[in-house]
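Hi everyone, thanks for coming. I'd like to walk you through a few spots in one structure, so please have it open and follow along with me.

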Amino acid sequence: MSSSTVITNIATLVTNDPSLGDRSPLGLIQDAAVVIDGDRVAWTGESRKAPATDNRVDAGGRAVLPGFVDSHSHLVFAGDRTQEFNARMSGRSYSAGGIRTTVAATRAATDAELEANLTRYLGEALRQGTTTFETKSGYGLTVEDESRALRIAAAHTDEVTYLGAHIVPPDHTDDPAAYVALVTGEMLDACAPHARWIDVFCEKGAFDGDQARAILTAGRARGLHPRIHANQLSYGPGVRLAVELDAASADHCTHLTDADVDALASGSTVATLLPGAEFSTRAEWPDARRLLDAGVTVALSTDCNPGSSFTSSVPFCIALAVRDMGMTPDEAVWSATAGGAAALRRTDIGRLAPGARADLTLLDAPSHVHLAYRPGVPLVSGVWRRGVREV
């Protein structure tokens, strides 16, 4: 039998339910309590009105918000790209390495080594408040290596993405069409049973619009829903293709035309922004303000990967989004919780209202605003996932 727990004496509770509390998008409740029954939220409201429960936790005047939803990461990999990062930060050109360096290391790693690496970064993310994460393949780029990456990931999350179309691997450089045929044929057959999503890096030097459409359409025919790496390095067709195909998200969205923004605003595709990548590559920041003002749904995620964004910290990305992308603290927190849930087309996470999954983050601060106000400070002091305290 499940037991019930009330977390009381919460200074600020972020529910992400605008029908609650102050009726803002965050649905803020002051001097609040939340009741967990089993793996679900059973009640939220003012502390003085909290019902009786089996157990009681005193939040001590701290803030509580939904667990972060990291809807874009690349965690099944081996190896390290320290030299590449050091060269980039030192202003030197660096032509060797890149994704191909990680591909070589990942192919050489054992299943046990890949899983140990994955669980290491999942633990790191959990301690920083992440309770739901999506992760991708994309560092194997053979039938066997892509399918094993997804099999390993699927043991740890339901949000698994097939990214055989990350880049054209060195063994297919002279015949990219043959690699697209592999990605949409034998590799897809092996990978589809282990994945929910299909992704493609639609970018110059990776896959063009026609190739991306063929890959995503083939995946959709096998029951995988599209998401796209779009418009990260340059203007291109990725964002409008995402909307055309009803992709759950277009990720990066750094270089956008007015037509791209209009397309996102008129569709259901979420714009997932990944400020860790811009931080780590010294690239142009995405203009979140432009998207939000146009009515686009925005998510914030880490893009955790060994090359361009080696951070598992959603709080860090929130601080970057507020400081450099034009978001308010409220908008950034919403985007890292409810926005991430929208990018995964989930309604059971990213909010703290009756019926939602009991994924909560307790901050050692009185308000969620401190995530941006105190950047770099380890503010997460407690994490509940599916109603169980894990941190």
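Let's begin at L65, which stands opposite T361 in β14. Keep in mind that this is a predicted model. L65 brings us to strand β4, residues 55-66, and β4 pairs with β14 in the antiparallel sense over four bridges. If strand pairing is new to you, here is the general idea: strands of a sheet pair through backbone hydrogen bonds, either parallel or antiparallel.

Now, β14 has another partner to show you. Strand β15, residues 380-385, pairs with β14 over four bridges, in the antiparallel sense. To find the place on your screen, look for L363, whose bridge partner in β15 is V380.

Are the two faces of β14 covered or open? Both are covered: L360 and L362 are buried on one side, and T361 and L363 are buried on the other.

Let's move to another sheet. It is an open one made of seven strands, in the order β7-β8-β9-β10-β11-β12-β13, and the pairing is parallel. Which strands sit at the edges? They are β7 (135-136) and β13 (298-300), and each of them pairs on one side only. Take the β13 edge: three bridges join it to strand β12, residues 270-273, and the two run parallel. In that pair, L273 has L300 of β13 as its bridge partner. A helix packs on this sheet too, namely α7, residues 209-221. Helix α7 touches β8 (160-165), β9 (197-202) and β10 (225-230), and its direction makes about 175° with that of β9.

Next, a helix with a bend. Helix α13 covers residues 329-343, so count along with me: it has 15 residues. From its first C-alpha to its last it reaches 19 Å, close to the 21 Å expected at 1.5 Å a residue. Where does α13 bend? At S335, by about 40°. S335 is also one of the buried residues of α13, and others among them are A332, V333, G339 and A343. After the helix comes R345, whose phi is positive, near 50°.

My last stop is T15, in the loop between β1 (4-13) and β2 (29-37). Why do we call T15 buried? Because its relative accessible area is 0%, and buried means under 20%. Leaving out residues up to four places away in sequence, T15 touches L20, L26, G27, I29, R351 and L352. Do click on T15 and find those neighbours yourselves. Thanks for listening!

Notes
Residues are numbered from 1 along each chain as its sequence is written. This is a predicted model: local features need pLDDT of at least 70, side-chain atom pairs count only at pLDDT 80 or more; totals for chains, interfaces and linings use all residues. Side-chain values use heavy atoms; hydrogens and water are left out. Buried means under 20% relative accessible area, exposed over 50%, partly exposed in between (1.4 Å probe, protein chains only). Contact means heavy atoms within 4.5 Å. The expected span of a helix is 1.5 Å times one less than its number of residues. The bend at a residue is the angle between axes fitted to the seven residues ending there and the seven starting there. Two strands pair if DSSP finds at least two bridges between them. Axes are lines fitted to C-alpha atoms, for helices over the stretch in contact, and angles run from 0 to 180 degrees between N-to-C directions.
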